[in-house]
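Subject: Structure for you to look at

Hello,

Here is the structure I said I would pass on. Please open it beside this email and follow along; my notes come after it.

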Amino acid sequence: MEQFQYRIKEEAGMHARPAGLFVREASKYSSAIRISHREKSGDAKSILGVMGLGACKGDMITMNIEGADEKEAAWGLKQFLQNNL
(Lines give C-alpha, C1' and ligand atoms only; values in the text may rest on other atoms or scores of the structure.)
Protein backbone atom coordinates (compact mmCIF):
# COMPACT_ATOMS: atom_id res chain seq x y z
CA MET A 1 0.00 0.00 0.00
CA GLU A 2 1.17 3.50 -0.88
CA GLN A 3 0.15 6.52 1.14
CA PHE A 4 0.93 10.22 0.88
CA GLN A 5 -0.43 13.56 2.02
CA TYR A 6 -0.85 16.77 0.10
CA ARG A 7 -1.78 20.30 1.19
CA ILE A 8 -4.19 22.01 -1.22
CA LYS A 9 -2.76 25.23 -2.67
CA GLU A 10 -5.54 26.10 -5.15
CA GLU A 11 -7.34 29.25 -3.97
CA ALA A 12 -10.81 27.76 -4.59
CA GLY A 13 -9.94 24.40 -3.04
CA MET A 14 -11.13 21.16 -4.60
CA HIS A 15 -14.20 22.55 -6.37
CA ALA A 16 -15.98 20.92 -9.33
CA ARG A 17 -13.46 21.50 -12.13
CA PRO A 18 -10.28 20.31 -10.37
CA ALA A 19 -12.21 17.52 -8.64
CA GLY A 20 -13.41 16.27 -12.03
CA LEU A 21 -9.89 16.39 -13.45
CA PHE A 22 -8.58 14.58 -10.38
CA VAL A 23 -11.20 11.82 -10.71
CA ARG A 24 -10.27 11.41 -14.38
CA GLU A 25 -6.59 11.06 -13.41
CA ALA A 26 -7.33 8.58 -10.59
CA SER A 27 -9.50 6.51 -12.93
CA LYS A 28 -6.49 5.80 -15.16
CA TYR A 29 -5.18 3.35 -12.55
CA SER A 30 -6.46 -0.10 -11.64
CA SER A 31 -5.52 0.27 -7.95
CA ALA A 32 -8.12 1.11 -5.30
CA ILE A 33 -7.60 4.77 -4.37
CA ARG A 34 -9.13 6.36 -1.26
CA ILE A 35 -8.92 10.07 -0.52
CA SER A 36 -9.53 11.38 2.98
CA HIS A 37 -9.75 14.74 4.70
CA ARG A 38 -10.25 15.02 8.44
CA GLU A 39 -12.77 12.31 9.39
CA LYS A 40 -14.26 11.97 5.89
CA SER A 41 -13.10 9.48 3.27
CA GLY A 42 -14.19 8.66 -0.25
CA ASP A 43 -13.39 6.84 -3.47
CA ALA A 44 -10.96 8.99 -5.47
CA LYS A 45 -12.53 7.68 -8.69
CA SER A 46 -15.94 9.16 -7.77
CA ILE A 47 -16.73 12.85 -8.22
CA LEU A 48 -19.13 12.68 -5.27
CA GLY A 49 -16.48 10.95 -3.15
CA VAL A 50 -13.97 13.71 -3.86
CA MET A 51 -16.26 16.74 -3.65
CA GLY A 52 -17.96 15.35 -0.55
CA LEU A 53 -14.76 15.92 1.40
CA GLY A 54 -15.14 19.70 1.17
CA ALA A 55 -11.37 20.24 0.97
CA CYS A 56 -10.39 23.93 0.85
CA LYS A 57 -7.15 25.83 0.34
CA GLY A 58 -4.67 24.92 3.07
CA ASP A 59 -6.38 21.62 3.93
CA MET A 60 -4.34 18.41 4.05
CA ILE A 61 -5.68 15.43 2.11
CA THR A 62 -4.42 11.86 2.42
CA MET A 63 -4.26 9.36 -0.41
CA ASN A 64 -4.27 5.59 0.23
CA ILE A 65 -3.51 3.50 -2.84
CA GLU A 66 -3.55 -0.30 -2.99
CA GLY A 67 -3.24 -2.53 -6.03
CA ALA A 68 -1.10 -3.74 -8.89
CA ASP A 69 -0.06 -0.27 -10.09
CA GLU A 70 0.01 1.49 -6.70
CA LYS A 71 3.52 2.95 -7.10
CA GLU A 72 2.75 4.34 -10.55
CA ALA A 73 -0.59 5.68 -9.30
CA ALA A 74 1.00 7.39 -6.28
CA TRP A 75 3.61 9.06 -8.49
CA GLY A 76 1.04 10.13 -11.09
CA LEU A 77 -1.39 11.52 -8.54
CA LYS A 78 1.35 13.43 -6.71
CA GLN A 79 2.37 15.02 -10.01
CA PHE A 80 -1.23 15.87 -10.84
CA LEU A 81 -1.85 17.48 -7.45
CA GLN A 82 1.36 19.53 -7.58
CA ASN A 83 0.54 20.80 -11.08
CA ASN A 84 -3.18 21.44 -10.59
CA LEU A 85 -4.09 21.90 -6.92
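One cut-off is needed before the notes begin: angles over 145 degrees between two axes count as roughly antiparallel. Please also keep in mind that this is a predicted model.

The helix pair

How are helix 1 and helix 3 arranged relative to each other? Helix 1 covers residues 16–26 and helix 3 covers residues 70–84. They pack at an angle of about 160°, and their axes are 10 Å apart. Helix 1 and helix 3 are therefore roughly antiparallel to each other. The crossing of helix 1 past helix 3 is right-handed.

Which residues make the contact? On the side of helix 1 they are P18, L21, F22, E25 and A26. Helix 3 contributes G76, L77, F80 and L81. By type, the residues of this contact are seven nonpolar, one polar and one charged.

The sheet

Strands of a sheet pair through backbone hydrogen bonds, and the pairing can be parallel or antiparallel. Here there is an open sheet of four strands in the order 1-4-2-3, and the pairing is antiparallel. Strand 1 and strand 3 are the edge strands, each pairing on one side only. From one strand to the next, the twist averages 20°.

Strand 1 (residues 2–7) and strand 4 (residues 60–66) run antiparallel and are joined by six bridges. Within this pair, Y6 of strand 1 is opposite I61 of strand 4. Strand 1 also has two faces: E2, F4 and Y6 are on the covered one, while Q3, Q5 and R7 are on the uncovered one.

At the other edge, strand 3 (40–43) pairs with strand 2. This pairing is antiparallel too and has four bridges. One of the partnerships is R34 with D43, the latter in strand 3. The hairpin of strand 2 and strand 3 has two residues between the strands, and in this hairpin R38 takes a positive phi near 55°.

Helix 3 connects the two parts of these notes. Besides packing with helix 1, helix 3 lies across strand 1, strand 2 (32–37) and strand 4. Its direction is at about 5° to strand 1.

Three residues to find

Is S36 buried or exposed? S36 is in strand 2. Its relative accessibility is 17%, so S36 counts as buried, since the limit for buried is under 20%. Apart from its neighbours within four places in sequence, S36 is in contact with S41, L53, M60, I61 and T62. I61 in that list is the residue of strand 4 that stands opposite Y6.

E72 belongs to helix 3. With a relative accessible area of 53%, E72 is exposed, as the limit for exposed is over 50%. In sequence E72 is 43 residues from Y29, but their C-alpha atoms are 8.2 Å apart in space.

S46 is in the loop between strand 3 and helix 2 (47–51). Its relative accessibility of 25% makes S46 partly exposed. S46 and S30 are 16 residues apart in sequence, and the distance between them in space is 14 Å, C-alpha to C-alpha.

Regards

Definitions and conventions. Residues are numbered from 1 along each chain as its sequence is written. This is a predicted model: local features need pLDDT of at least 70, side-chain atom pairs count only at pLDDT 80 or more; totals for chains, interfaces and linings use all residues. Side-chain values use heavy atoms; hydrogens and water are left out. Axes are lines fitted to C-alpha atoms, for helices over the stretch in contact, and angles run from 0 to 180 degrees between N-to-C directions. Angles under 35 degrees count as roughly parallel, over 145 as roughly antiparallel, 65 to 115 as roughly perpendicular and the rest as oblique. A crossing is left-handed if the near helix is turned anticlockwise from the far one by less than a right angle, and right-handed if clockwise. Contact means heavy atoms within 4.5 Å. Ala, Val, Leu, Ile, Met, Phe, Trp, Tyr, Cys and Pro count as nonpolar, Asp, Glu, Lys and Arg as charged, and the others, Gly among them, as polar. Buried means under 20% relative accessible area, exposed over 50%, partly exposed in between (1.4 Å probe, protein chains only). Two strands pair if DSSP finds at least two bridges between them.
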